[in-house]
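Colleague: Could you walk me through one part of this model in detail, and then show me how its surroundings are built? I would like the cut-offs along the way.

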Amino acid sequence: MKTVSAKLKHVRTSLSSLSSRPYSPTPLASHAKPGNPSSSTLLDEFVSLCYQRDLPRAMKAMAAMERHGIYADSITYSELIKCCLARNAVEQGRLVHKHVSSNGYQPKTFLLNILISMYVKFKLLQEAQAVFDQMPERNVVSWTTMISGYANVGLSDKALEFFVLMLREGVLPNMFTFSSILRACNEISNLKQLHCGIIKVGLESDVFVRSALIDVYSKLDELRDAICVFNEMETKDLVVWNSIIGGLAQNSDGDEALNQFKRMKRAGFTADQATLTSVLRACTGLALLEVGRQVHVHVLKFDVDLILNNALLDMYCKSGSLEDAKSLFKKIVHKDVISWSTMIAGLAQNGFSQEALKLFDLMKASGTKPNYITIIGVLFACSHAGLVDDGMFYFRSMKRLYGIDPGREHYGCVIDLLGRAGKLDEAMNLIQEMECEPDAVTWRTLLGACRVHRNVDLAIYVAKKVLKLDPEDAGTYVLLSNIYANSQRWEDVTEIRRQMRERGITKEPGCSWIEVNKQIHAFILGDTAHPKINIINRRLNQLIHKLMGIGYVPDTNFVLQDLEGEQRDDSLWYHSEKLAIVFGLMSSSSGSAIRIRKNLRICGDCHTFAKLVAKMECRLIVIRDPVRYHHFQNGQVMSYDDEFEFHSNYKCRYKFPLEEDSLSNHKIRFAQQYTLAKRGRERRTKEHPRVV
């Protein structure tokens, strides 16, 4: 161990001395005759041009030097290579490589490493490896540069192969090597082995290595290990804090991400752009509009930052606050494709499809080229506005006009578009045209349309396709059972229910959240655990009877059809979003908006209920489900009324890649706890209060 430590110390010393060498323009080699004044003048001119970053004149001077057999020092050539990289001058970089390899000149290891780095940054990995293979001596920088190059382009196996070869050559990895190779880990087994190796060489406390470990554990959804690595570090810096906050936010554990952010602030660290981007992502996932607005105040302290502005824009769109989103979008002077795509998707998901399509026209007029995500937003808008011809045009021309190959998400949008229009045969044909194999989400999209348009035979066929791909999909079982019940096929209903019992499949309980006075209150179907549940139920009953007086009738198509009439009514009355709406009415001032998030699609009955309550109470009610945002105000629905026609247990058919729809861990535990309670376990415990 002493030998390893000594060797590690030697590597660190070597790296330190290498990085601290002065950039002296003194020539290291020259084949010209000594005392030749023209050679000295030419060399001095070349050195001066390299440091001035005058690439055209420096290249001419280098050509003249080559004719005279004159060579500069490695540091000067490194400056010239930096100039090539800054201007993305690939051919000039190749000429520099050719020059330093001509006339028997032997470049130093330092210069060869610079050349390898140049080719890696140009993404010319074959040429980088050619230089690497011809090196008489390779040091840790040589190996690390190649490993980093392969890791950066996603060639993980190649990066790991080079790492193993490096160890066999007896070269000891340093903190930069481990930071690079960790990015190439796609399997937990490889990560565990590397983590052990890091501990063996004593680099586990290095900030960059520990930060990389946290990032990779988070990427592999091993949050417990990521938190352990974080907690083991006695002295934390901003880089490590950013890693853990970012990892938690990316894995939809927004609550813990916000808790770590508070801890970071208490520890005396000031948030930077990376911190705030992750915190905004956490707010987006939890739909915490008020917290997001507080983060916006911190964002204003920085100069104009497009990444932060895009994160803010996404947060406002996905919190249902389009006025804030539109205001921010107008203030972004230099918009990129992410800015445009986020706003287009936000408008479409919030029910403003026509505005989304107009914005798409403005985007094209601005010269910004749409990308994969942009077209998803456009097709989503067409689908929910019923614009079949426009949607089919964009879908059929996306490859020709924008060079974008249709993916599953695009097919899903168009199948949804055709299904809503009742063109079920065309939707079926499109599924058969798909280049990739249709997944359960694709079939489930068509199944929802079959239910709406009462095509029983096709619905049964499609439902079987879904269950073949996803045998645990409770929503499809419930829908198929209801289809059989409506057709009086009671033997088939019995068979479906038997299969559900045998496989232990139960419908996932609906869960809704509402933020009141900086606290998140959670409700589930038939909730009895909330401290004010009795008052809420009493107020809900009063409200429902009041709505019935103006024509409201519970729509029992969204519960199992073989339940008795009163049972069906009761199960509808206490849906989680109804409880959340009533609690919002009780807890907020008159006229203020009520914003709710739920884990399942909103059902038709709750859609009608929210619309009538919004009119009766003169409130804006925004309900965010896994697919879109439903705005209810003055009896008007900003999102289209056909939304409710798709089964409430259906999760998102397709998601925007920027979407954060998964529930945070404590909320999943709420739903799991409820399921256990239905099986006879205790329904309320002190360890899991409903107010979080």
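Modeller: Happy to; here is a helix first, and then the cores, the cysteines, a hairpin and the repeat records.

This is a predicted model, so local features need pLDDT of at least 70 and side-chain atom pairs count only at pLDDT 80 or more, while totals for chains, interfaces and linings use all residues. Residues are numbered from 1 along each chain as its sequence is written, and side-chain values use heavy atoms, with hydrogens and water left out.

Let us start with helix α14, residues 238–250. Helices here are DSSP runs of H or I with at least four residues, strands are runs of E with at least two, and both are numbered from the N terminus. The 13 residues of α14 reach 18 Å from the first C-alpha to the last, close to the 18 Å expected at 1.5 Å a residue; that expected span is 1.5 Å times one less than the number of residues. Of those 13 residues, 10 are buried, leaving α14 mostly covered. Buried means under 20% relative accessible area, exposed means over 50%, and partly exposed is in between, with a 1.4 Å probe and protein chains only. Among the buried residues of α14 are Val240, Trp241, Ile244, Ile245 and Leu248, but also Asn242 and Ser243. Their cover includes α12 (207–219), α13 (223–232), α15 (254–266) and α16 (273–286). Just after α14, Ser252 has a positive phi of about 65 degrees.

Now for the cores. A nonpolar core is a set of buried Ala, Val, Leu, Ile, Met, Phe, Trp, Tyr and Cys residues joined through side-chain atoms within 4.5 Å. The largest one has 172 residues, and Phe46, Tyr77 and Ile181 are among those with the most contacts inside it. Helix α28 (residues 474–486) gives the most to this core, with eight residues. Apart from it lies another core of 29 residues, including Ile581, Ile602, Val613 and Ile621.

Two residues give a closer view of the packing. Counting contact as heavy atoms within 4.5 Å, and leaving aside neighbours within four places in sequence, Ile181 touches Ile147, Ala159, Leu160, Phe163 and Leu194. Ala61, in helix α3 (residues 55–67), counts as buried because its relative accessibility is 6%. With the same neighbours left aside, Ala61 is in contact with Leu42, Phe46 and Leu49. Ala61 and Phe46 are 15 residues apart in sequence, with their C-alpha atoms 5.6 Å apart in space.

On cysteines, the structure holds zero disulfides, a disulfide being a pair of cysteine sulfur atoms within 2.5 Å. The closest cysteine sulfur to that of Cys382 is in Cys413, 9.3 Å away, so the distance is too far for a bond. Cys382 is buried at 0% relative accessibility, and Cys185 is buried with a relative accessible area of 0%.

Next, the hairpin: β4 and β5 form it with four residues between them. Strand β4 (residues 620–624) runs antiparallel to β5 and is joined to it by five bridges, where pairing takes at least two DSSP bridges. Leu620 stands opposite Gln633 in β5. Four of the five residues in β5 (residues 629–633) are buried.

Finally, an unreviewed UniProt entry lists "repeat: PPR" for several spans, including 73–107, 237–271 and 305–335. UniProt positions are given in the numbering used here, feature names are shortened, and annotations may be inferred rather than shown by experiment. Residues 73–107 are 69% helix and 0% strand, with end C-alpha atoms 9 Å apart. For residues 305–335, the figures are 74% helix, 0% strand and 11 Å.
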